[in-house]
Amino acid sequence: VEHSLYDRLTDKDFWRGVMADSKIRVPYEFGRWESDKLTLKGSQSITDNDIVAKIVDSYLGIGDRFLEYGKDFESKESLEKLAIEETLWKGKTTLLLEWVRPLPKLGVHSVDIVTVDTPEGPKVVSCLYWGECTGVSSHSAQGGYIVDVETEALVSPARFYSPFFSKQQGKLVGLKLPGLKKAIAMALKGHAEALKKNKWLKMIGWDAMFTKREGEVVFFEGNFAASRIHRRITFAPSNAYNFLKMYGYI
């Protein structure tokens with residue numbers, strides 16, 4: 001019940017730990033703003049690198065900052081000044097991560113994979129593609145698509161998802177995503193790892209992206225999929241029946 005209100009147990013540090021243990025590529029962490037202090041870590045310099053800042057226990061991009069070196073900050077000192085002035089970071093732990101760029105032909109996008117635990121182990125429930133973005137993150141997506149995980153192709157607009165997406169034109173139907181099966185395999189491996197830490201994580205939503213390095217997939221985070229699974233359950237009456245049967249409600 002508590003977790004439905006606040007990400008106390010499965011924050012971004014938790015998911016980054018799960019993915020590290022699963023050997024999944026995640027954005028490099030340069031450091032963090034914590035207890036109103038900037039602490040750097042690792043061997044890479046924070047200067048000469050663009051940064052994405054994310055509050056460790058936030059959601060829906062709240063508190064995110066996309067910072068370009070030479071434009072938004074020029075040194076550790078100027079980054080500290082920015083952090084002090086950012087009211088949403090006050091009293092929060094904020095990760096300072098590598099700004100990973102997408103594969104140019106896809107532009108800003110996100111691959112939304114939902115996995116569910118079964119008696120035979122984690123299985124993929126669905127894969128959606130969020131694209132046609134107008135900003136620097138996929139929160140600005142204007143198009144959502146259902147992806148066939150076997151053919152790695154966008155097969156239909158995800159008009160069912162919300163009223164906003166119900167009238168989209170579906171310009172990208174037919175687009176192929178080479179390497180998607182590799183991403184699916186990573187998500188399943190990650191789910192198995194997450195279950196070792198928290199057995200109640202029966203359903204997980206994974207956010208990934210194809211990077212500018214051909215064939216490379218980066219995972220940003222996982223999420224307990226309580227707010228995603230209901231849309232997958234209602235794909236079809238058989239989905240709803242099988243879900244309820246599997247998890248003991250009927």
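**Entry 1. Lys23 and Glu132**

I began with Lys23, which the predicted model places in the loop between helix 1 and strand 1 (29–34). I noted a positive phi of about 60 degrees for Lys23, although this residue is not a glycine. I then asked whether Lys23 is buried or exposed. Its relative accessibility is 70%, so I recorded Lys23 as exposed.

I also looked up Glu132, a residue of strand 7. Its phi is near 55 degrees, again a positive value in a residue other than glycine. I entered Glu132 as partly exposed because its relative accessibility is 29%, and the partly exposed class runs between 20% and 50%.

**Entry 2. Lys12**

I turned next to helix 1, where Lys12 lies. I recorded a relative accessibility of 9% for Lys12, so this lysine counts as buried, the cut-off being under 20%. Which residues does Lys12 contact, leaving aside its neighbours within four places in sequence? I listed Lys54, Ile55, Val56, Ser58, Tyr59, Leu95 and Glu221.

**Entry 3. The nonpolar cores**

I looked up the largest nonpolar core and found 29 residues in it. Trp15, Ile113, Trp206 and Phe219 have the most contacts inside this core. I then traced which elements supply at least two residues each: helix 1 (12–21), strand 6 (110–116), strand 7 (123–133), strand 8 (141–148), helix 3 (180–197), strand 10 (203–210) and strand 11 (217–224). The largest share, 6 residues, comes from helix 3. Apart from this core I noted another, of 14 residues, which includes Phe30, Leu38, Ile46 and Ile51. As background, I wrote that nonpolar side chains tend to be buried together in soluble globular proteins.

**Entry 4. Helix 2 and Gly91**

I examined helix 2 (76–85) for its buried residues and found Leu79, Leu82 and Ala83. Viewed down the axis of helix 2, these buried residues fall within an arc of 100 degrees, so they line one face of the helix. On the face turned away from the buried side I found the exposed residues Glu77, Ile84 and Glu85. I asked what covers the buried residues of helix 2. The covering elements include strand 1, strand 2 (37–40), strand 3 (51–55), strand 4 (65–67) and strand 5.

I followed the chain into the loop between helix 2 and strand 5 (94–98), where I located Gly91. With 64% relative accessibility, Gly91 counts as exposed. I noted that Gly91 and Ser35 are 56 residues apart in sequence, and 6.1 Å apart in space from C-alpha to C-alpha.

**Entry 5. Helix 4 and helix 5**

I looked up how helix 4 (residues 226–233) packs with helix 5 (residues 237–246). The angle is about 125 degrees and the axes are 8 Å apart. I therefore recorded helix 4 and helix 5 as oblique to each other. Which residues meet at this contact? From helix 4 I listed Ile229, Arg232 and Ile233, and from helix 5 Asn239, Ala240 and Phe243. I counted 4 nonpolar residues, 1 polar and 1 charged in this contact.

I then checked burial in helix 4 and found Arg228, Ile229, Arg232 and Ile233 buried. These residues cover an arc of only 140 degrees around the axis, which puts them on the same side of helix 4. I noted that the buried residues of helix 4 pack against strand 6, strand 7, strand 10, strand 11 and helix 5.

**Entry 6. Phe235 and Ser126**

I located Phe235 in the loop between helix 4 and helix 5. Its relative accessible area is 32%, so I entered Phe235 as partly exposed. Not counting residues up to four places away in sequence, Phe235 touches Ser126 and Phe160. I also recorded that Phe235 and Tyr161 are 74 residues apart in sequence and 9.8 Å apart in space, C-alpha to C-alpha.

I followed the contact to Ser126, which is in strand 7. At 7% relative accessibility, I recorded Ser126 as buried. With residues up to four places away in sequence not counted, Ser126 touches Asp112, Ile113, Val114, Arg232 and Phe235. Of these, I had already entered Ile113 among the residues with the most contacts inside the largest nonpolar core, and Arg232 among the buried residues of helix 4. I closed with Ser126 and Ile229, which are 103 residues apart in sequence and 9.5 Å apart in space, C-alpha to C-alpha.

Key: Residues are numbered from 1 along each chain as its sequence is written. This is a predicted model: local features need pLDDT of at least 70, side-chain atom pairs count only at pLDDT 80 or more; totals for chains, interfaces and linings use all residues. Side-chain values use heavy atoms; hydrogens and water are left out. A nonpolar core is a set of buried Ala, Val, Leu, Ile, Met, Phe, Trp, Tyr and Cys residues joined through side-chain atoms within 4.5 Å. Buried means under 20% relative accessible area, exposed over 50%, partly exposed in between (1.4 Å probe, protein chains only). Helices (H or I, at least four residues) and strands (E, at least two) are DSSP runs, numbered from the N terminus. Axes are lines fitted to C-alpha atoms, for helices over the stretch in contact, and angles run from 0 to 180 degrees between N-to-C directions. Angles under 35 degrees count as roughly parallel, over 145 as roughly antiparallel, 65 to 115 as roughly perpendicular and the rest as oblique. Contact means heavy atoms within 4.5 Å. Ala, Val, Leu, Ile, Met, Phe, Trp, Tyr, Cys and Pro count as nonpolar, Asp, Glu, Lys and Arg as charged, and the others, Gly among them, as polar. The arc is that of the directions from the helix axis to the C-beta atoms.
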